[in-house]
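Work through the exercises below with the sequence and the structure at hand. Try each task before you read its solution.

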Amino acid sequence: MKRIHDQNEMSIFLADESRRTGAAQEICFPQTADEIVQLLQEDPRAPITIQGGRTGVTAGAVPESGIAINLSNMSRVIHLPEPDQDAAPYTAIVEPGVLLVRLQEMLHARGLFFPPDPTETTASLGGMVACNSSGACTYRFGATRHHVRSLGMVLADGDTLTLRRGEYTAKAGRFALTTNGGRLIEGTLPQIRMPQVKKHTAGYYVHPDMDMLDLFIGSEGTLGIVTQIEIDVLPEPKHLWGAVVFFPTEDCAIRFVHLLRGDPGSKDGMLLRPQAIEFFGVDTLDMLREAQRTGAALTDMADIPAGCAIYTEFAAEDRSELEPLFRRLGQQIEEAGGDPRQSWFAFRGPDMLRLKDFRHAAPVCVNERVSEIRQDIPTITKLGTDMSVPDSKLDEVFRMYREGLAQEGFQTSLFGHIGNNHLHCNIIPRTEEEYLRGKALYTRWAEDVVRMGGSVSAEHGIGKLKVWLLQKLYSEEELQAMAELKRLFDPAMRLNPGNIFGYNESWSQDR
Ligand SMILES: Cc1cc2nc3c(=O)[nH]c(=O)nc-3n(C[C@H](O)[C@H](O)[C@H](O)COP(=O)(O)OP(=O)(O)OC[C@H]3O[C@@H](n4cnc5c(N)ncnc54)[C@H](O)[C@@H]3O)c2cc1C
């Protein structure tokens with residue numbers, strides 16, 4: 001097994017996309033679950049931080065001390081279905097270090113795909129399970145949790161656990177699991193008021209009668225190390241058509257979202273459910289236009305019009321389903337105050353890829369801008385929201401962001417998964433003073449989102465950077481009850497220390 005001790009060699013592994021850097025005694029690259037067991041048993045007290053693709057934005061994979069276990073060498077694809085020979089439903093089995101981009105390529109060659117699609121395709125499957133990741137197409141297909149059939153895991157003491165959907169179900173909050181080593185782990189699930197939103201990955205997912213597999217998905221590596229993943233995969237649709245629709249104002253764009261979703265008060269929605277409904281605010285298009293002007297991104301695309309935009313896509317087996325639907329889309333664009341002639345449409349694979357590149361460029365440009373500022377002021381981090389609210393609160397949450405930003409005069413970028421009422425509102429602080437003011441605003445927003453019945457993290461998780469937000473969502477008692485649940489699986493609290501629960505007061509204040 002490869003092991004690195006040299007601090008220089010280690011340095012690139014001590015950070016993730018949050019750009020926070022940490023420290024470790026060594027970084028180990030196991031190739032098998034047995035090697036992970038061996039590492040855990042070498043020093044049963046050493047803190048362990050688990051790493052996948054390190055594309056996370058909450059420093060979940062950034063170690064503070066002890067051993068980092070990097071899973072990039074556990075990247076075998078164990079089973080892929082052959083649609084010519086196998087009957088549907090199809091499943092694939094992979095090791096955790098397999099990157100999404102590689103899996104998607106292999107599936108595509110077989111006419112299949114894995115629906116949860118975080119726009120960052122260098123994420124690993126293990127990281128996606130740990131964060132219950134989601135992406136643009138979550139609007140239609142749900143988050144990673146909905147597509148996981150079974151998990152193989154190594155627990156903190158080196159024992160292993162295999163969970164298959166439907167095998168272990170809690171009854172009225174009580175559960176009992178048997179490890180592969182024959183140990184019985186039984187306990188009571190905490191009673192937690194889970195937000196009633198479509199996307200939520202803040203703290204443990206618990207329900208009195210839950211499938212116990214779901215507890216581990218989204219637990220951010222705090223309960224076990226995922227070593228094998230079985231997922232459902234779907235046949236690719238024959239036709240995938242998409243559009244980036246430009247609007248003169250953000251009010252028009254929101255009206256269009258209500259029409260696309262067929263929300264109460266709007267007419268009868270689309271003939272087919274869109275796969276994705278994504279938003280780009282005026283500030284985000286300004287940023288992308290600037291990147292286009294300087295040659296930093298999107299140079300092969302047409303000039304980006306003024307205003308804001310919605311990206312949407314539809315899939316069907318037959319073109320004849322999509323043609324009337326796109327005629328209808330044109331009417332809805334006009335109804336919402338836009339002009340179909342100003343929109344970009346894609347009816348073929350290569351054009352769809354360009355629209356997806358356009359979508360991905362938004363978070364990439366924000367992260368690059370923050371990195372530039374951090375060269376002068378390293379203490380600054382991006383202040384990016386990842387909060388979701390119920391459908392009925394979309395207009396309210398949108399107003400909340402825009403009014404707050406207008407009062408403070410920050411450099412900003414608002415974009416994201418508006419179909420699921422989940423917007424990334426990014427404050428890009430230029431000074432320490434702006435950072436602190438931005439954080440205070442973010443705190444007020446989090447309190448308002450919780451009052452609206454929303455979640456403080458819809459897809460990025462809590463990691464180490466958002467512990468203070470989890471404290472807005474849950475009471476001290478609820479957080480203590482979650483920590484008790486962790487102790488059942490990890491009595492020494494050694495797995496991913498700092499994630500979800502924080503280390504101490506200074507960590508929980510995020511500086
Ligand atoms: C430009 C950009 C766009 C993004 N867009 C999205 C988006 O649309 N949707 C979305 O959900 N996310 C998005 N992300 C965030 C990120 O890509 C996801 O959270 C991703 O799932 C993280 O996977 P990873 O392999 O990089 O995990 P890492 O960053 O390495 O780890 C993330 C967490 O998972 C834990 N972990 C990793 N592997 C395992 C394992 N095998 N067992 C147990 N725990 C493990 C780590 O300890 C850590 O806590 C984006 C990130 C970037 C940079």
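**Exercise 1.** In which sense do strand 13 and strand 16 pair, and over how many bridges? Add how strand 13 is joined to strand 15, and state whether strand 13 is enclosed or open.

Solution. Note before starting that the model is predicted.

Step 1. Strand 16 covers residues 344-346, and its pairing with strand 13 is antiparallel, over 3 bridges. One pair to look up is Gly242 with its bridge partner Ala346 in strand 16.

Step 2. Strand 15, residues 308-316, also runs antiparallel to strand 13, and 9 bridges join the two. Here His239 has Ala316 of strand 15 as its bridge partner.

Step 3. A residue is buried when its relative accessible area is under 20%. In strand 13 (residues 239-247), 7 of the 9 residues are buried, so the strand is largely enclosed by the rest of the structure.

**Exercise 2.** Find the strands that pair with strand 20, and decide whether its two faces are covered or open.

Solution.

Step 1. Strand 17 (residues 383-384) runs antiparallel to strand 20 and is joined to it by 2 bridges. Gly384 has Asn426 as its bridge partner.

Step 2. Strand 18 (residues 387-388) is joined to strand 20 by 2 bridges, again antiparallel. Met387 stands opposite Leu423.

Step 3. Strand 19 (residues 412-417) runs antiparallel to strand 20 with 6 bridges, and Leu414 is partnered by Cys425. The hairpin of strand 19 and strand 20 has 4 residues between the strands, and Asn421 in this hairpin has a positive phi near 55°.

Step 4. On one side of strand 20, His422, His424 and Asn426 are buried; on the other side, so are Leu423, Cys425 and Ile427. Both faces are covered. With 6 of its 6 residues buried, strand 20 (residues 422-427) is therefore largely enclosed by the rest of the structure.

**Exercise 3.** Give the strand order of the open sheet of 4 strands, and say which strands stand at its edges.

Solution.

Step 1. The order is 1-2-4-3, and the pairing is mixed.

Step 2. Strand 1 (2-4) and strand 3 (48-51) are the edge strands; each has a single partner strand, so one side of each has no neighbour in the sheet.

Step 3. From one strand to the next, the twist averages 20°.

Step 4. For a parallel pair, take strand 2 (residues 26-29) and strand 4 (residues 67-70), joined by 3 bridges. Cys28 has Ile69 of strand 4 as its bridge partner.

**Exercise 4.** Describe how helix 7 and helix 11 cross, and which residues make the contact.

Solution.

Step 1. Two packed helices are described by the angle and the distance between their axes.

Step 2. The axes of helix 7 (residues 250-261) and helix 11 (residues 394-408) come within 11 Å and cross at roughly 160°. Angles over 145 degrees count as roughly antiparallel, and the two helices are therefore roughly antiparallel to each other.

Step 3. Helix 7 contributes Glu250, Ile254, Val257, His258 and Arg261 to the contact, and helix 11 contributes Leu394, Asp395, Phe398 and Arg402. Sorted by class, these are 4 nonpolar, 1 polar and 4 charged residues.

**Exercise 5.** Is Asn132 buried or exposed? Locate the residue and state its phi.

Solution.

Step 1. Asn132 lies in the loop between helix 4 (125-131) and helix 5 (138-141).

Step 2. The phi of Asn132 is near 45°, a positive value in a residue other than glycine.

Step 3. Asn132 has 4% relative accessibility and therefore counts as buried.

Technical notes:
Residues are numbered from 1 along each chain as its sequence is written. This is a predicted model: local features need pLDDT of at least 70, side-chain atom pairs count only at pLDDT 80 or more; totals for chains, interfaces and linings use all residues. Side-chain values use heavy atoms; hydrogens and water are left out. Axes are lines fitted to C-alpha atoms, for helices over the stretch in contact, and angles run from 0 to 180 degrees between N-to-C directions. Angles under 35 degrees count as roughly parallel, over 145 as roughly antiparallel, 65 to 115 as roughly perpendicular and the rest as oblique. Contact means heavy atoms within 4.5 Å. Ala, Val, Leu, Ile, Met, Phe, Trp, Tyr, Cys and Pro count as nonpolar, Asp, Glu, Lys and Arg as charged, and the others, Gly among them, as polar. Buried means under 20% relative accessible area, exposed over 50%, partly exposed in between (1.4 Å probe, protein chains only). Two strands pair if DSSP finds at least two bridges between them.
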